Every structure is written in structure tokens, then in C-alpha cells.
Amino acid sequence: MGAPSVVSVEGDKPVIEYLLRKSAKENDWVSIEKICEENTHEIKSTDFSLWARSKFMLGKFADCYEVCYKSYANNKENVPLDICRFMLRSSLKLDDEEKIQFSHDIFHEFFPEDGELMRNLIQINYRNDNFHKCIEICDKILESDQENSSALKFRARSLTKIGQNQSDIRSAWSRLLSLENENLEAMNNIARTFISENKFDSASDTIFKILDSNPDYLPAKNSLSIYLRSLIYFEEDDSVVASEIRRIMDKFGDTILLTILSLILKSGKYDL
């Protein structure tokens, strides 16, 4: 759809408003962008949110950030929610740490309890290895929304990264799994906790369940290798190891044989 002609209505604010609302209703972001750029001094401060949205929807993230910043600079005492949101969204798309921090600070100043801010704070802190802070934010979200899957996931991921208490890690992933009973990431991390505690039966059962569901899920294949390596090192009864190797080969075929042989040789326990 072509952009409406706005040359003849320059300075006519009611017509500009009508064209903006009409274009917004039609999700015509190209027209909104054109109207705003050709009438920069005529559009209302509230229309900057539409302008920023149009830039974001068109993938012009640097321009979106600049529109948001201009809106903020024009009225630092009362920044609209959409401006805060699109400033942070565009800075994240640009992957500019300075802009991300500035956007976060503005957002937090005016809307400290906003759900989108909290979700982005989770990801920002996780990406920056601030796992304890990430858990703190997740816990705050879960106080009012116990089934928030994003908070449950990043809480479990952060506990996994910290890696201090396998039972707590397993509990966190199990909580997510109770909501998403086919979540392979949760199942795989639960299997890893069993391996860490040498609970080999539980570990193998969980890994087999994952690979039954998705034979190509690489993290579970990696867990299978870790499981085998741990079993070979810690199991004193060689017949148990041999039996498990046969069971794995029967289930997954000869393709797993080289992995098994490599693990056995690296263990140094057997003279082959």
C-alpha cells in the first residue's frame, strides 16, 4: 500500500491525526513513517509512539531508538510507556550495551514493575552472567505469577550455571516441566543432575525418554556420553557396565559404538 499524500495537509493537525489513526488501524507502517517524517513539527508528542513503532516494525532499529530518544528529550518528566518499550527493544536489537543500559534506566525510572521490563531484565542479567540477580528478578515475577514459564526457565538456567545444589537445580527444572511436560531442555538438565549425583538409573531413564521423543536432540546425546563416562569411571561392577553398554547399543545401534569405545579407552580402567 502506498503512503498517503500529506503535502497538501501540512500544518493541518486534525487531518494528520486522521491519517495516522487510519494507517495504524491498517498496520500501514510505511505510511505512518512517511507522515511523521514529513510533519515532524506538527505531530503530537503522543504520536511519537506510533512513529517509533513504525520504525521498529520496518526493521529500522537505529532510527527507532533515535525517535524514542527524541521523545524522551522533549519531555523527560513524563515518558510514555510505549517509548520506554521501543527504546529498550531497539537497543536490544542493536546489541548496544550503552543504549541498553540507558534504556533500562529510563524504563525502570517510570515503570519499574512493567512485565516487559522484568522479562528483559532477566535476559540482560543472564546474558551478563549475573545469575544471582537473574534469580532474584525471576523470584519477584513468580510471586505474582507462579506459572510464568520465562521466569521459571531462566531461574532454572541460572541455578544450573551456578551449579551449587543439584537438588535445587532439579527442582527448578521439574517445576518448569510440570507446565511444559515435553520440554526437552528441562528433561535433559534433570538428567544431568542425576549424573552429577551418580544416580545412574534415573539418569539413563531420563535420557532414553528424551531420545525416544527426539533421536536427534544433540544435548541429550551429549548427556548420554557424559552418563557413560561417569558410569565407566564410578561403577565398580564391570558386568553392570557391560550390560548397560549392550542395552545402549541395542537401542541406538552401532552408530554409538565409536563413542563407547572412545570413552572406555579414555577411562584407563580396561586393558583392551
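Axes here are lines fitted to C-alpha atoms, for helices over the stretch in contact, and the angles between their N-to-C directions run from 0 to 180 degrees. With that in hand, welcome to a short tour of this predicted model.

**Two helix pairs**

Two packed helices are described by the angle between their axes and the distance between the axes. Let's begin with helix 4 (residues 61-74), whose axis comes within 13 Å of that of helix 6, the two crossing at roughly 40 degrees. Helix 4 is therefore oblique to helix 6. The handedness of this crossing is left-handed. On the helix 4 side, the contact is made by Tyr 65, Tyr 69 and Tyr 72, and they meet Lys 99, Phe 102, Ser 103 and Ile 106 of helix 6. Sorted by class, this contact has five nonpolar residues, one polar and one charged.

Further along the chain, helix 13 (residues 218-234) packs with helix 14 (residues 238-252) at an angle of about 160 degrees, and their axes are 10 Å apart. Angles over 145 degrees count as roughly antiparallel, and helix 13 and helix 14 are therefore roughly antiparallel to each other. Helix 13 also passes helix 14 in a left-handed crossing. Which residues of helix 13 meet helix 14? They are Leu 224, Tyr 227, Leu 228, Leu 231 and Ile 232, and their partners in helix 14 are Val 241, Glu 244, Ile 245, Ile 248 and Phe 252. This contact has nine nonpolar residues, no polar ones and one charged.

**The largest pocket**

Now for some empty space. The largest pocket has a volume of about 250 Å³. Helix 6 (97-110), helix 7 (115-127) and helix 8 (131-144) are the elements that give two or more residues to its lining. That lining is made up of 13 residues, and those nearest the pocket centre are His 104, His 108, Leu 121, Lys 133 and Ile 137. What is the mix by class in the lining of the largest pocket? There are five nonpolar, four polar and four charged residues.

**Two loop residues with positive phi**

Finally, here are two backbone details that may catch your eye. Neither residue in the table is a glycine.

| Residue | Phi | Place |
|---|---|---|
| Asn 27 | about 55 degrees | loop between helix 1 (13-25) and helix 2 (29-38) |
| Asp 129 | near 65 degrees | loop between helix 7 and helix 8 |

Asp 129 thus brings us back to the pocket: helix 7 and helix 8, on either side of its loop, are among the elements that give two or more residues to the lining of the largest pocket.

Terms used: Residues are numbered from 1 along each chain as its sequence is written. This is a predicted model: local features need pLDDT of at least 70, side-chain atom pairs count only at pLDDT 80 or more; totals for chains, interfaces and linings use all residues. Side-chain values use heavy atoms; hydrogens and water are left out. On a 1 Å grid over the protein atoms alone, a cavity is a set of points where a 1.4 Å probe fits but cannot get out, and a pocket is an open set with protein on both sides within 12 Å along at least five of seven lines; lining residues have an atom within 4 Å of a point. Grid points are joined across faces, edges and corners, and a volume is the space filled by probe spheres set on the points. Helices (H or I, at least four residues) and strands (E, at least two) are DSSP runs, numbered from the N terminus. Ala, Val, Leu, Ile, Met, Phe, Trp, Tyr, Cys and Pro count as nonpolar, Asp, Glu, Lys and Arg as charged, and the others, Gly among them, as polar. Angles under 35 degrees count as roughly parallel, over 145 as roughly antiparallel, 65 to 115 as roughly perpendicular and the rest as oblique. A crossing is left-handed if the near helix is turned anticlockwise from the far one by less than a right angle, and right-handed if clockwise. Contact means heavy atoms within 4.5 Å.
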